[in-house]
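Q: Could you take a close look at one part of this protein for me? I would like to see how its salt bridges are placed, and what surrounds them.

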Amino acid sequence: MALEIESTDVVRLIEQYLKENNLYRTLATLQEETSVTLNTVDSIESFVSDINHGHWDTVLQAIQSLKLPDKTLIDLYEQIVLELIELRELGAARSLLRQTDPMLMLKQQQAERYVQLENLLAKSYFDPREAYPEGSSKEKRRAHIAHAVVAPASAANHKPGGQCGKQGRWSRLGCKASGHENAPRLHPTGKIPNAPFTSPQALPQLRGECLV
């Protein structure tokens, strides 16, 4: 009996292939042009741990396959900027603050909040009392962001007949593939190269835990 797969499922399989082979720029472009987001992480528990421990390089790479609300992205990037300032990594903090979409959105929508980050960046010291309002802290902000990022995950992972994990129809379409692209970028540009596939067997298993 023929296996029927919806077009959005095929797109997600391709996206999983791109993610597993570190083709992040192509993945981001495909998600943008199809409006179909992979929305999975390899492990929700590990992802939350990375946020709570400030492993921001890993977090930024992981969110490239996620569709997050603008507010969550702004909170995330703001926290990374604050922690870079605290570490006196001022060049990186300045680049993130002035050149990334979430921070530019913050500048347009909440100018005072953005100016506060600029003021902290300009100072020769870092005072957490100035960075975090009373009753808040770096750890509490991290926990809040982690909750906002993974809140939909539990419901998605327990949907009847869900399409996450290694079970169901995804598990019938699997192979091992290799190949790499340059390091991932937060704001990829360009078009998807023509790379048609000829059979479902040319696609990987969809693995990971859904966040929608």
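A: Happy to help; what follows starts with one buried acidic residue and works outward to the rest of the chain.

Please keep in mind that this is a predicted model. Glu78 sits in helix α5, which spans residues 70-86. With a relative accessible area of 7%, Glu78 is buried, because that value is under the 20% cut-off. Leaving aside residues up to four places away in sequence, Glu78 touches Met103, Arg113, Leu117 and Arg141.

One of those contacts, Arg113, is also a salt-bridge partner: the closest N and O atoms of Arg113 and Glu78 are 2.6 Å apart. This pair links distant parts of the chain, since Arg113 belongs to helix α8 (residues 111-122) and Glu78 to helix α5, with their positions 35 residues apart. The two ends differ in exposure: Arg113 counts as partly exposed at 24% relative accessibility, whereas Glu78 is buried. As a general point, side chains of opposite charge can pair when their charged atoms come close.

The pairing does not stand alone. Lys71, Asp75, Glu78, Arg113 and Arg141 are linked in a network of salt bridges. Arg141 therefore appears twice in this picture, as a contact of Glu78 and as a member of the network.

Elsewhere, Lys123 forms a salt bridge with Glu130, with 2.8 Å between the closest N and O atoms. Here Lys123 is partly exposed at 29% relative accessibility, and Glu130 is partly exposed at 28%. Arg129 pairs with Asp127, their closest N and O atoms being 3.1 Å apart. In that pair Arg129 is exposed, with a relative accessible area of 72%, while Asp127 is buried at 16%. The salt-bridge count for the model comes to 9.

Now for the setting. The protein chain has 11 helices and 2 strands, and buried residues make up 40% of its 212 residues. Of the contacts with a separation of 6 or more, 74% join residues 24 or more positions apart. Helix α3 (residues 44-52) offers another view of burial: its buried residues are Ile44, Phe47, Asp50 and Ile51. Seen down the axis of α3, these fall within an arc of 120°, so they line one face of the helix. After α3 comes Gly54, whose phi is positive, near 70°.

A word on confidence: the chain averages a pLDDT of 75, and 70% of the residues score at least 70. Over residues 153-207, pLDDT stays under 50.

Key
Residues are numbered from 1 along each chain as its sequence is written. This is a predicted model: local features need pLDDT of at least 70, side-chain atom pairs count only at pLDDT 80 or more; totals for chains, interfaces and linings use all residues. Side-chain values use heavy atoms; hydrogens and water are left out. Buried means under 20% relative accessible area, exposed over 50%, partly exposed in between (1.4 Å probe, protein chains only). Helices (H or I, at least four residues) and strands (E, at least two) are DSSP runs, numbered from the N terminus. The arc is that of the directions from the helix axis to the C-beta atoms. pLDDT is the predictor's confidence in each residue, from 0 to 100. Contact means heavy atoms within 4.5 Å. A salt bridge is a side-chain nitrogen of Lys or Arg within 4 Å of a carboxyl oxygen of Asp or Glu.
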